[in-house]
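Work through the exercises below with the sequence and the 3D structure open. Try each task before reading its solution.

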Amino acid sequence: MIWRGRGRTAPFRRSPQAKGGFKVADSVAGANPEHGAGGDDPSRRDFIHIAAGAVAAGAAVTIAWPLVDQMNPAGDTLALASLEVDLTKVQLGQSISIKWRGKPLFVRHRTGAEIAAAIKDDAAPMRDPQTDEARHKKGKAEWLVVIGTCTHLGCVPTFGGGDYGGWFCPCHGSHYDTSGRIRKGPAPKNLAVPDYAFLSDTMVKVG
Amino acid sequence: MSGHSSYVPKTGFERWLDARLPVARLAYDSLIDFPTPKNLNYWYTFGGILALCLGIQLATGIVLAMHYVPHVDYAFASIERIMRDVNYGWLIRYMHSNGASMFFIAVYAHMFRGLYYGSYKAPRELLWILGCVIYLLMMATAFMGYVLPWGQMSFHGAVVITNLFGALPIIGESITTWLWGGFAVDNATLNRFFSLHYLMPFMIAGVVILHVWALHVTGNNNPTGVQVQSKADTVPFHPYYTVKDGFAIAVFMLMFAAFVFFNPNALGHPDNYIPANPLVTPLHIVPEWYFLPFYAILRAVPDKLMGVLMMFGAIAVLFILPWLDTSRVRSLRYRPTTRMYFFIFVVACFVLGFCGGRLPDDKVIPGLTTFVLLDADLNSMVWLSRFATAYYFAYFLLVLPLMGLSETPLEQPASISEPVLSPSAALPAGATASPEKRG
């Protein structure tokens with residue numbers, strides 16, 4: 001009963017609701033004059049309240065984090081296999097789609113005209129400016145390797161469509177050129193170029 | 001739930017129960033003796049219809065979960081098994097998939113009714129906001145449910161919607177990876193969507209309890225928008241509104257049954273009967289009809305982040321509506337100018353829904369090419385969506401705040417009973433005056 005000895009009353013006290021009205025009485029703040037008024041010395045009890053509250057908050061966060069983080073990619077999902085692509089299967093002017101990390105990967109064997117069209121537009125105004133040379137491996141201009149998801153909302157663009165002969169996204173009408181650069185429509189970025197390397201002239205390792 | 005209770009326990013058991021856990025008293029006060037304005041029209045029956053819709057979705061959903069397999073390799077096949085092999089599986093699944101559409105038909109009717117009669121205005125702000133929370137939960141639940149069959153529309157719909165969060169700067173990519181549980185929509189995504197799709201209806205049920213509780217504190221609004229003043233303005237909920245709601249439910253169920261039995265795929269999309277293929281996106285990807293207006297708003301904006309913000313903003317604006325409408329008069333019956341703007345708003349919503357189902361470059365008037373304005377032909381769905389989107393926001397952010405200050409409303413009746421008891425004196429001029437009284 002020490003609690004009462006220190007004059008603590010019920011922490012929340014409200015005046016009865018006025019009939020039909022929706023005002024909460026203004027006197028709530030003053031109903032408990034000893035609490036937080038600063039008159040008493042900031043006692044050990046206040047410290048205990050703060051310390052206990054801090055520990056409880058810390059514990060809540062510690063428990064919440066595993067519940068949140070479990071939704072991030074699991075270990076086996078992160079242990080990604082890399083992918084080897086045999087380029088001899090891709091004929092000139094053709095593009096293949098392969099599933100990599102759950103998404104389509106485009107490997108496009110570009111014709112001379114397509115490369116020339118891409119280089120010609122290097123200086124054209126673009127949303128995400130990049131030269132064609134920066135988007136393929138040195139000396140391998142005929143091979144374009146990009147992740148086949150539209151940078152707008154992730155749909156798979158269709159090969160050869162659109163105003164620039166590269167790809168066209170059917171979902172919201174983004175046009176990509178033969179270098180996979182965004183030229184028209186809502187997508188903010190060029191089709192992403194993944195990490196890849198030529199193992200030989202006819203073999204590419206992605207990832 | 002509030003006010004005095006007129007429940008009188010009749011038997012010894014009821015008295016015993018009432019002293020320990022007064023559930024019978026709660027049910028009596030909420031469903032039988034609850035004083036309800038006597039002038040509620042059929043627009044007020046959608047609350048009861050919605051409660052039934054939730055019950056149907058819960059019951060059919062729990063049964064479907066007994067047969068469904070949440071795995072990318074088996075999900076599609078397990079749905080087909082439900083359709084072909086499980087006893088009455090076809091019926092239960094069609095009830096569930098069409099039930100979602102019925103749920104949204106009812107909720108949109110319920111919301112338009114609230115907008116028309118000013119049911120969001122003081123003292124019912126929280127009642128309205130709880131309703132908005134339910135609507136938001138419904139949309140999340142419906143979206144996740146649509147992903148579960150793992151057809152082409154399921155998969156690519158999930159890709160598009162989860163990618164919306166990728167539009168956020170800096171944190172966007174981490175959020176999408178977190179939502180997916182991987183680097184693309186895959187098995188982890190399907191599993192969690194199934195778990196959440198099962199959870200959320202129960203969250204909806206929880207908020208529905210709060211919604212009904214809030215309703216029973218403030219009491220129903222009514223078509224006049226005038227507060228209940230005496231017992232003469234009300235009738236007990238039972239039998240007057242149990243019967244009226246019951247009749248409306250029966251009519252609604254006729255429509256529901258017509259879809260389930262005669263055209264169960266009318267509201268769906270045939271592409272969702274093609275198993276999901278991450279390598280090919282359907283040429284024309286559309287959400288379910290109840291999301292089309294928001295999809296149109298998303299596509300109306302050429303910038304990715306702005307489009308996403310506008311789409312969510314279209315729902316967020318509903319939450320602050322009670323403070324945007326500045327008028328003292330609730331019902332649009334007595335606000336003729338605002339009423340006109342309201343009907344244009346309803347048309348704008350339908351126009352957005354129409355645009356959302358078409359390709360952005362489709363012509364509004366076939367065969368007519370006008371001129372290119374900024375980035376698209378003026379006679380295209382994208383420009384029509386832009387005009388409708390502008391009106392949608394203008395209605396909430398300009399019309400309602402300004403009309404409340406400038407419009408002179410018609411005279412409201414002094415009470416709900418007054419126009420009934422002395423029609424000639426109380427009817428608003430020109431509203432529903434009987435023909436023989438016209439000079």
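**Exercise 1. A pair within one helix**

Task: Find where Glu80(B) and Arg84(B) lie, and describe the salt bridge that joins them.

Solution. Step 1: both residues belong to helix 4 (residues 75-84) of chain B, four residues apart, about one turn of the helix. Helices (H or I, at least four residues) and strands (E, at least two) are DSSP runs, numbered from the N terminus. This is a predicted model, in which local features need pLDDT of at least 70, side-chain atom pairs count only at pLDDT 80 or more, and totals for chains, interfaces and linings use all residues. Residues are numbered from 1 along each chain as its sequence is written, chains are lettered from A and ligands numbered from 1 in the order in which they are written, and side-chain values use heavy atoms, with hydrogens and water left out.

Step 2: the closest N and O atoms of Glu80(B) and Arg84(B) are 3.4 Å apart. The pair is a salt bridge because that term asks for a side-chain nitrogen of Lys or Arg within 4 Å of a carboxyl oxygen of Asp or Glu. Side chains of opposite charge can pair when their charged atoms come close.

Step 3: compare the exposure of the partners. Buried means under 20% relative accessible area, exposed over 50%, and partly exposed in between (1.4 Å probe, protein chains only). Glu80(B) has a relative accessible area of 16%, so it is buried. Arg84(B) has 64%, so it is exposed.

**Exercise 2. Pairs that join distant parts of a chain**

Task: Locate the salt bridge of Glu407(B) with Arg335(B) and that of Arg181(A) with Asp122(A).

Solution. Step 1: in chain B, the side chains of Glu407(B) and Arg335(B) meet at 3.6 Å, N to O. Glu407(B) is in the loop between helix 15 (381-406) and helix 16 (418-421), while Arg335(B) is in the loop between helix 13 (321-324) and helix 14 (336-356), 72 residues apart. Glu407(B) is buried at 12% relative accessible area, and Arg335(B) is buried at 1%.

Step 2: in chain A, the closest N and O atoms of Arg181(A) and Asp122(A) are 2.7 Å apart. Arg181(A) sits in the loop between strand 7 (175-177) and strand 8 (182-184), and Asp122(A) in the loop between helix 4 (112-120) and strand 4 (143-147), 59 residues apart. Arg181(A) has 0% relative accessibility and is therefore buried; Asp122(A), at 26%, is partly exposed.

Step 3: widen the view. Asp121(A), Asp122(A), Asp177(A), Arg181(A) and Arg183(A) are linked in a network of salt bridges. Over all chains, the structure holds 14 salt bridges.

**Exercise 3. The interface**

Task: Describe the contact of chain B with chain A: how many residues does each chain give?

Solution. Step 1: counting contact as heavy atoms within 4.5 Å, chain B gives 28 residues and chain A gives 29 residues.

Step 2: the two chains bury about 2400 Å² between them, 68% of it on carbon and sulfur atoms. Buried area is the accessible area (1.4 Å probe) that two parts lose on being put together, summed over both. Trp178(B), Phe183(B) and Leu279(B) supply 29% of the area that chain B buries against chain A, more than any other three residues.

Step 3: the rule finds zero salt bridges across this interface. The elements giving two or more residues to chain B's side of it are helix 7 (152-164), helix 8 (172-180) and helix 11 (292-300) of chain B. Helix 7 of chain B has the largest share, five residues.

**Exercise 4. Unusual backbone angles**

Task: Which peptide bonds before Pro123(B) and Pro239(B) are cis or trans, and where do Tyr88(B) and Ile170(B) lie?

Solution. Step 1: recall the usual case. Most residues other than glycine have a negative phi, and most peptide bonds are trans.

Step 2: a cis bond joins Ala122(B) and Pro123(B), with omega about 5°. Pro123(B) lies in the loop between helix 5 (89-116) and helix 6 (125-147) of chain B. The bond from His238(B) to Pro239(B) is cis, with omega near 5°, and Pro239(B) lies in helix 10 (residues 237-262) of chain B.

Step 3: Tyr88(B) has a positive phi of about 60° and lies in the loop between helix 4 and helix 5 of chain B. Ile170(B) has a phi near 65° and lies in the loop between helix 7 and helix 8 of chain B. Tyr88(B) is exposed at 57% relative accessibility, and Ile170(B) is exposed at 87%.
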